[in-house]
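Thanks, everyone, for making the time this morning. I would like to walk you through one model, beginning with its internal space and ending with a few backbone details.

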Amino acid sequence: MHDQPHTAAPPELRGDRTIKRKRLFDAAAAPIRKRRPQTVTANPPCPSPLVKVLREYGLLEVVVSELCADDLWALANTSKALNEAIMPRTVSLNNLLGRLKCSGKGVEIRNKCHQKWPCFEASLCTEHVRCGSTNTKHETETKSCVNCKVATCDECRIHCVYQTSFEGPCDPNDPAELPNFSGFVLLQPFEQPILSPHHLNHDDSTSEPRWQDPSKSGRGPYHDQGYLDVPFHLGETAPPEYIGDILDLDLGCRSLKSVYSSSHYTSPSPVVRSLDMVAEARKVHFCDFCFGDVAPSDVAGMQEWDKITSFLPMLPSELVASKKECRCTLRTRMLDRWLCARCYQAEEDAIESFSRSQSNGGTFRCRCGNHVQRVLCLWCRGEVLEQEEDTEKADH
Ligand SMILES: [Zn+2]
Ligand SMILES: [Zn+2]
Ligand SMILES: [Zn+2]
Ligand SMILES: [Zn+2]
Ligand SMILES: [Zn+2]
């Protein structure tokens, strides 16, 4: 699914690297670990001026703010003295990574995964897919990625609905004609139209200003807002759905499949099909016995499990077998965590290969061959307890 395998990432961003770093950090607390020799005696008597500058943490921070992760890594690898000046203890290293300039990798990944649908009228159409670090017109928020800690701008992190295209009205003097917006779901390939509140004459839309062309106005793009419509390439019709409701749907007790279904189209609605695919992929089915004993016993399985759990830094490991119930929403999973596109891909890959390792050869059975009774959510490691939807209500 992903053009760029995670293994192609520079070493400082690799998942395994992160795990190692975490382990080192944990191990540092244990008394067995040997202390490094003091750098003063290890260094040559006369360090270069650059090393001297970078040893001053305040100056190092200033230098780092002009560098991307790759630059910092290259600089740190030029000499042992530089490496020791730049790579301090884990806490300050994380701080440094958060002060880097965003590398634009997320936008690169988006451009690889998203397949642009031909414009209706190219001359009226502008694209807005640009890393915040190269965009002087826009103020783009930048934060540390929750997983790799590297500074990531809002355009390079994962969004549930990216808004990428603006197509102006044919007659700019006609106030009744609204521009067209479109974009993509997560890193899924299909472009989907997006409607602003004004398109649907939403009650409170009169108070809000109309959506603008992000490339001209300094406003927008309006990620994760408005109404999502059927992907361009599908011939089906279905009503547009309010993105806020999709994002806040409690996936622990309901599914996009059941909520957005109707007798008028194959379930789920083509509007939410890509999101439903991603939400479904997080579920692993077990029998009652295996559910209580999920952590795999074999080494290969354990490595996969480590990869997934390394993405859940907030949750202590004892929660694995606890009686936790899944309360995941797309918003808490994808938006409330500030996650870079690369780490999102790594998470998806880890989840996919773990699911495969636990599946029973494509059959709908537990890994042990028993009937499935319980569903585990790999996002939170809680149990999914879906209610049966009554069909009348679902057919909205
Ligand atoms: Zn276009
Ligand atoms: Zn960026
Ligand atoms: Zn990351
Ligand atoms: Zn969950
Ligand atoms: Zn089983």
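What you have on the screen is a predicted model, and I will start with its interior, where the structure holds two cavities of 30 Å³ or more. The largest cavity contains about 130 Å³ of space, and 16 residues line it, with Ser103, Lys105, Val150, Thr152 and Cys340 lying nearest its centre. If you would like to find that lining in terms of secondary structure, look at helix H8 (105-113), strand E3 (151-153) and helix H16 (341-358), each of which supplies at least two of the lining residues. Of these elements, H8 gives the largest share, namely three residues. As for the chemical character of the lining of the largest cavity, ten of the residues are nonpolar, four are polar and two are charged.

Let me move on to the metal sites, and first to the zinc ion written as ligand 5. Which atoms hold that zinc ion (ligand 5)? The SG atoms of Cys287, Cys290, Cys366 and Cys368 coordinate it, at 2.2 to 2.4 Å, and along the chain these donors follow the spacing C-x2-C-x75-C-x1-C. The angles among the four donor atoms run from 105 to 115°, and the site of this zinc ion (ligand 5) is tetrahedral. For comparison, the ideal angle for four tetrahedral donors is 109.5 degrees. Two of these donor residues, Cys287 and Cys290, are both buried; Cys287 counts as buried because its relative accessible area is 2%, and the cut-off for that label is under 20%.

The zinc ion that appears as ligand 4 is coordinated by Cys326, Cys328, Cys377 and Cys380, again through SG, at 2.3 to 2.4 Å. Why is the arrangement around this zinc ion (ligand 4) called tetrahedral? It is called so because its four donor atoms subtend angles of 106 to 113°, while the rule asks that all angles lie between 85 and 135 degrees. The sequence spacing of the donor residues here is C-x1-C-x48-C-x2-C. Within this set, Cys328 and Cys377 link distant parts of the chain, since Cys328 sits in the loop between helix H14 (299-309) and helix H15 (330-335), whereas Cys377 belongs to strand E10 (residues 374-377), 49 residues apart. Cys328 and Cys377 are also buried.

With so many cysteines mentioned, you may wonder how many disulfides the count comes to, and the number is zero.

I will finish with the backbone. Most residues other than glycine have a negative phi, and most peptide bonds are trans. Against that background, the peptide bond from Gly220 to Pro221 is cis, with omega near -5°, and Pro221 lies in the loop between helix H9 (214-217) and strand E7 (227-228). A cis peptide bond also joins Ser267 and Pro268, with omega about -5°, and Pro268 is placed in the loop between helix H11 (256-259) and helix H12 (273-281).

Turning to phi, Lys149 has a positive value of about 70° although it is not a glycine, and this lysine is found in the loop between strand E2 (142-144) and E3. Leu186 has a positive phi as well, near 45°, in the loop between strand E5 (180-185) and strand E6 (192-195). Are these residues buried or partly exposed? Lys149 is partly exposed, with a relative accessible area of 23%, whereas Leu186 is buried, with a relative accessible area of 0%.

Conventions. Residues numbered from 1 in each chain as written. Chains lettered and ligands numbered in written order. Predicted model: local features only at pLDDT ≥ 70, side-chain atom pairs only at ≥ 80, totals over all residues. Heavy atoms only, no water. Donors = N, O, S within 2.8 Å, 3.2 Å for Na, K, Ca; no water. Tetrahedral: all angles 85-135°; square planar, octahedral: opposite > 155°, others 65-115°. Buried < 20%, exposed > 50% of the residue type's maximum accessible area, 1.4 Å probe, protein only. 1 Å grid on protein atoms, 1.4 Å probe; cavity = no way out; pocket = protein on both sides within 12 Å on 5 of 7 lines; lining within 4 Å. Points joined across faces, edges and corners; volume = space filled by probe spheres on them. Helix = DSSP H or I, 4+ residues; strand = E, 2+ residues; numbered from the N terminus. Nonpolar A, V, L, I, M, F, W, Y, C, P; charged D, E, K, R; others polar. Disulfide = S-S within 2.5 Å.
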